[in-house]
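Please open the model in your viewer and keep the selection tool at hand for the stops below.

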Amino acid sequence: MRNFDTPMSAPGVADAGGGSGPKDGQLQVALSVARVSALVTVDATQTPFTTTPADLFLLAFNDNKVGISDEQMAFFKARLKQLLPEIGATIDRIPGDASQIIGDVGQIVLLAEQSL
Amino acid sequence: MRSIHFALCALMAAGVCALRAQTQPPAPAATTIGIKTLRALNPNGTAYLDVIFDSILDTKHSEDLSHSNVTILAKPSGASLPPDSIAYKSNILVEITLLTPPTGNDDSVNVCFKELHFFSKGDDTTTHTSSPDKPVCSTSKMMTKAETKALVDQLVTAAVDKAKADKTSSEKNIFASGFVTTAGQSNSQGGADISLNGSLSGLPGTTTFLQIQKTTLNNGDPRHFEAGFSWRNTSSFQRTVDAEIKDLVDKYNQGGTQAQLQELGNEINAAGAKYGVWLGALEDIALKMEGDPTQFKAANVVGDGDIRILTRTLKLFGSTNGYFRARPLVVGFEGGKSITGDTTTTATTPTTTPSVDWIARGKVGADFTLFYDNPKTAGPIKRVEINAGGVERYLFLKEINYDTATNQDSTTGKGSRPYFQSDVKLFFYEDAKNGRLGLRMAYTRGSLPPVFANVKSFQFGLVYETADDKAKTANSPDKTKTAANAAQ
């Protein structure tokens, strides 16, 4: 999906219609975190989407602003796999360790999607 | 008792004064931004440059992604590579696509942003601007699809290896005053409360585990050891909402006009607001060996199955200064066989370990975690961490029990065997630089398999946590909960 933030004056301006290129999976990661923790909200009306807390992707799952436990990680992974079934095997291998940085999991998802 | 209270208050006051007396000025908030990771890949003729920043970008400044602000060079030739598109994928990730990837001897790309608008760490209200004299740059080797897949495997393996690290109590905080109990003991004691978990490769949902709870304390030693492997299944509640959001996200990814995407975004937001308190259920089946870690004269092989339901992590009274989560154990059953060999009475061992046969237990229970943190509050308590849990086991058949009269595993019993464990930390001083100081109280009562030695202990003392152990502090509730797992 092309992004609307690319300036109109630049070559290769973003199209307003049609999707192209692989998914990045970042919205799905944020939504999966929000599924597990009510401390996290996602606003999908913005481009790019915004999160509360704003630094979500810099935090660990078990950061006190997110509050996800090791056991709840199983639900995060299950939800992410439901949203991104094409990389389900990779998601299964992500450990259920809540001390991981959310952005690091986002990077794994991004690269897995781009290498399909 | 009054003298103990006075001593603890005096110690705490001295500790707070010492922490506040440190004269080093607070370090200024970081006002620089850098590229944490640059990945350059060419999986199928279109090259993607994934730029991950170490600070949050202010995505309102779209000029940061203009072609005049971004320079992409092929290396080593230095040839300019015009981008096809440059887009924010999140507030730390920018994706650049190149229709013409590097060719020939050029195997790397260099990306530079002349100027970037960003928020400093911990402050998402003030926009900072990077210096135009210091472009934000990074270089990365181009990867093929196969190399990218290999990198994914490496990243996953690294995450798995990191997760295997032992999370023992000693890593989490400095327990300044050691163990003090009310069980009539005036000397400090020692103990171990260890929980290890590892995944079995190739078997999704399967983990190995080892738990030990052992102390030298009379009336405070649970004499609990168990090791084995378990298989877990998760069942999400509110599946209709899950399916609705998935459908909307799939449509969102197909693209559309800005108005269409905004409408889809509104629908995704509205669907997400439907989620309630409950997250889902965990169904666990385990096969384990449990024993008295003193001498393992009493040991059982047990199959264990239970169902527990989890809440989402919920705001504490609607505030983002804390959270609450609970995990009731709805039903569980443990069944197995004793593998203890009958011991013969001798002149030096007048008691025997009774011979028992089958094991059959039912169990229910619950545990919860509560966290509150507001260093700026005017009240005396800046931070609260509570982990508590309990389990009620009912033994349908006679099992070996620990006899406090003989200090041996020499009696049998059946019926109700409850167990409760709690860990409370109250912090009265908290500083982002110097750490936090407070009190820790741990209370344990009841008994655990295999020998159901009655425990009644109260630990009370000072605790100091350094400022840079946020991750460890966040782990602390999980560790204590894991100790409560031993009860379940």
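The tour goes from the interface between two chains to salt bridges inside one of them.

This is a predicted model, in which local features need pLDDT of at least 70 and side-chain atom pairs count only at pLDDT 80 or more, while totals for chains, interfaces and linings use all residues. Residues are numbered from 1 along each chain as its sequence is written, chains are lettered from A and ligands numbered from 1 in the order in which they are written, and side-chain values use heavy atoms, with hydrogens and water left out.

Select chain B together with chain A: 94 residues of chain B are in contact with 73 residues of chain A, contact meaning heavy atoms within 4.5 Å. Seven salt bridges are counted between chain B and chain A, each being a side-chain nitrogen of Lys or Arg within 4 Å of a carboxyl oxygen of Asp or Glu. One to display is Arg232(B) with Glu71(A), whose closest N and O atoms are 3.2 Å apart.

Move next to Lys288(B) and Asp304(B), whose side chains meet in a salt bridge (3.2 Å, N to O). Both Lys288(B) and Asp304(B) are buried, that is, under 20% relative accessible area with a 1.4 Å probe, protein chains only.

Finally, select Glu334(B), which forms a salt bridge with Arg361(B), the closest N and O atoms being 2.9 Å apart, and another with Lys363(B), at 3.2 Å. Glu334(B) counts as buried because its relative accessibility is 0%; Arg361(B) is buried at 0% too, and Lys363(B) is buried at 3%.

How values were computed. Buried means under 20% relative accessible area, exposed over 50%, partly exposed in between (1.4 Å probe, protein chains only).
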